[in-house]
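Okay, everyone, thanks for coming. I'll put the structure up and then talk you through what I found in it.

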Amino acid sequence: MTLDEKIGQMSQSTSMGHSISEAIKAEIRAGRWGSFLNAGNAGDRAEAQRIALKESRLGIPLLFGRDVIHGYQTVFPIPLGQAASWDPGLVEQAAHIAARETAADGIHWTFAPMVDIARDPRWGRIAEGMGEDPYLGSAMAAAMVRGFQGKALDGPESIAACVKHYVGYGAAEGGRDYNTTWIPEILLRDVYLRPFHAARDAGAATFMSAFNDLNGVPASGNKLTLRQVLREEWKFDGFVVSDWDSVIEMISHGYAAGRADAALKAIQAGVDMEMVSTSYRENVKSLIETGKLDAKLVDESVRNILRVKLRLGLFDKPVPAAPAASAFLAPDALAIAERLAAESAVLLKNDGGALPLSKSISKVAVVGPLADSAVDQMGCWVADGKAAAVRTPVAALRSLLGAARVAYAPGLKSSRDTSTAGFAAAVEATRGADAVVLFLGEEQVLSGEAHSRAFLGLPGAQEALVGELAKTGKPLVAVIMAGRPLTFPAVSSKVKAVLYAWHPGTMGGPALASLLFGDAAPSGKLTASFPRTVGQVPVYYNHMNTGRPPSASELGIPMGTPLDPKDFTSKYLDVDFTPEYPFGFGLSYTTFEYTNLRLSAGPVHMGGHLTVTADVANTGSREADEVAQLYIRDLVASVTQPVRELKGFQRVHLKAGEKRVVEFTLSTADLAFHNRQMQLVTEPGEFHVWIGPDSARGQRGSFRVTD
Ligand code: GLC
């Protein structure tokens, strides 16, 4: 390969946006690009590939990439919703469907899964990830990689995954996107790197380096994470692509003196391919000629890229035929989309069994702009989703009950609408209705990249609308669609039930109709803690205990004084220190009871394991799924440890009255953490263990680990 051809492989362009120009064709012919993202349409991609394979000197195929974050044309719930299903198997199936549709359209590579741990709901991209926990995030990351890549990367329904944003992007100060991150290496390794490690172990073909300044070194120029961790410790042999312009953004960070310096630092750190910015194309040749850049690093990057193209079978894969319409939105795809939307929804409140509603209801009033908004229902990061294919709740409820029994009034033009002009019609729609279903929350434009919020309340005049409807005296239930945890105490106090649906995707309507009227029972569990108010952020379950942990729900001004510090503990004067809803929380239409926690062993020797079991009984009147969760706490260690850590979960289906034993196996390796020497160690000592319905409750036992 000539140096120009090598640099071409290391360069990804977005310039084939809407059509393939003669100039682009000439550059492909000259081997000046190795990849395109967001490249035109299937026809243009096929033509570009033909030129690369047949008219360029070396016939190296192009790699087409796309943001297929939660579905291609069939749109699944946003990843924060998918994670709330706690069903990695179903999430894997959804990712496979996404890969099948993407590959059918001649695209080889998705910039997903996004596995950034997020502890701050102000951050707009919390919508794209799996929430706050590394164990659950790891399970979901691996499931998505398996779903995208299938059993063989060169399979007809496989696409390359791209694990992002490597690393620490979700720790942006203030939840403000692209902001600075300071993450001590122990926290980096024990929390933020874990889902990336799981994705690498699942065989992820590529990684994407992030925008953020990580402890003073931007993630796209960070040798510790890109070389020491990813290559030397994890032995990753795929390739790393930068995020959009993140190479040249090192100039703005104040880490690179100019484009040449940025290119030099990115390649030396281990960024193999540059996305969108062209600092590699502009500078690599001179950097080598002036002796600043070792040509071996260029060869290493090109090898990494070609290795993935070979594994994808691109050298042999004929240019795909134009996809048949049946390749998209197929019945099996929609069925999985509906099931995942149903399993993702989390029941947060259900006073007096207000839900499910009865199908014999004479009339139901549906109010809220999100009840009939296809684009909002799909959520953020939807490049190829088809709004026309979306089944909204209004359509689904009318299909279920008949149009005559479903009255609909938006009440507001959008979730941000501050006008009360639509309130009268909304109140009128409730006339004669037995129940009112409110669809509240955020439009899709209020979350996602560059869409952080300083407040977490319901936008617009939604609370005022609920206040007006509460005056009717009708029973109100709320469905909330959002891209993040929100705070809604004024609404919660006025409604009998709250079902949190995230942005549920193409089949969100039928899924919600089935949940609202009892054809399905909610089984989702939160993967991000819900704060009581934005002032409480960050609030997450796997926190440290501190030296002055508050006792149960302390509130108010402590009676002590600096001379007599009674009740001087880590809390607020004006809001309870516990979250509104904890990690792992979710109600059902039945009730579950956990009893009889048992451990298989007394002391557990280092290297050994123990089995933890408990009985879970469905003590209610209808069958349903429950996600039983296993947590541990290491009581004393050389580095302080969280008060709880998720170490296992199981979804069990129980008939009314049925009791099941749930069993988990814990090895001493499962208890490991990074010590001050950055060694992954398990230390002897006392541990607590819980099996329960969420991170705040459960049956507790204890065990000892001995040398
Ligand atoms: C964006 C995002 C990244 C995405 C890439 C390509 O800026 O940060 O997640 O994959 O650019 O669209």
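**A few residues, then the whole fold**

Let me start with a single side chain: methionine 678 has a relative accessibility of 25%, so it counts as partly exposed, given that buried would need under 20% and exposed over 50%. Before I go on, keep in mind that this is a predicted model.

Why pick methionine 678? Look at its backbone: phi is positive, about 65°, and this isn't a glycine. You'll find methionine 678 in the loop that runs between β23 (673-674) and β24 (680-681).

There's another residue with a positive phi, and that's tryptophan 86, at about 50°, again not a glycine. Tryptophan 86 sits in the loop between α4 (79-83) and α5. So is tryptophan 86 buried or exposed? Its relative accessibility is 1%, so tryptophan 86 counts as buried.

While we're on backbone details, let's do the cis peptides. Leucine 355 and proline 356 are joined by one, with omega at about 0°. Proline 356 belongs to the loop between β11 (346-350) and β12 (364-367). Then there's valine 537 to proline 538, also a cis bond, with omega near 0°. For proline 538, the loop in question is the one between α20 (508-516) and β17 (592-599).

Okay, zooming out. How many helices and strands does the protein have? It's 20 helices and 26 strands. The radius of gyration is 26 Å, close to the 27 Å from the globule rule for 707 residues, so the protein is as compact as a globular protein of that length. If you want box dimensions, the C-alpha trace spans about 75 × 65 × 50 Å along the principal axes.

Some bulk numbers for the modellers. Of the 707 residues, 60% are buried. Take the contacts between residues at least 6 apart in sequence, and 76% of those join residues at least 24 apart. The accessible surface is about 25200 Å², and carbon and sulfur atoms account for 53% of that. On charges, I get 70 positive and 76 negative side chains, and the centres of the two sets are 1 Å apart.

Now the inside. The largest nonpolar core has 101 residues, and the ones with the most contacts inside it are Trp109, Phe148, Tyr166, Phe207, Tyr280 and Leu293. Helix α5 (residues 88-104) gives the largest share of this core, with eight residues. Apart from that core there's another one, of 57 residues, which includes Leu355, Val406, Tyr589 and Ala624. And yes, that's the leucine 355 from the cis bond to proline 356.

Back to tyrosine 280 for a second. What does tyrosine 280 touch, once you ignore residues up to four places away in sequence? The list includes Ile7, Met10, Ser11, Val247, Ile267 and Met273.

Hold on to Ser11 and Met273, because serine 35 is in contact with them as well, along with Gln12, Ser13, Leu62, Leu63 and Trp109, leaving aside neighbours within four places in sequence. Serine 35 is in strand β2 (residues 35-37), and at 0% relative accessibility it counts as buried.

That's my tour, so fire away if you've got questions.

Technical notes. Residues numbered from 1 in each chain as written. Predicted model: local features only at pLDDT ≥ 70, side-chain atom pairs only at ≥ 80, totals over all residues. Heavy atoms only, no water. Helix = DSSP H or I, 4+ residues; strand = E, 2+ residues; numbered from the N terminus. Rg over C-alpha atoms; globule rule 2.2 N^0.38 Å. Buried < 20%, exposed > 50% of the residue type's maximum accessible area, 1.4 Å probe, protein only. Contact = heavy atoms within 4.5 Å. Areas by Shrake-Rupley, 256 points an atom, 1.4 Å probe, with all protein chains shown as cover. Lys, Arg positive; Asp, Glu negative; His and termini not counted. Charge placed at Lys NZ, Arg CZ, Asp CG, Glu CD. Core = buried A, V, L, I, M, F, W, Y, C linked by side-chain atoms within 4.5 Å.
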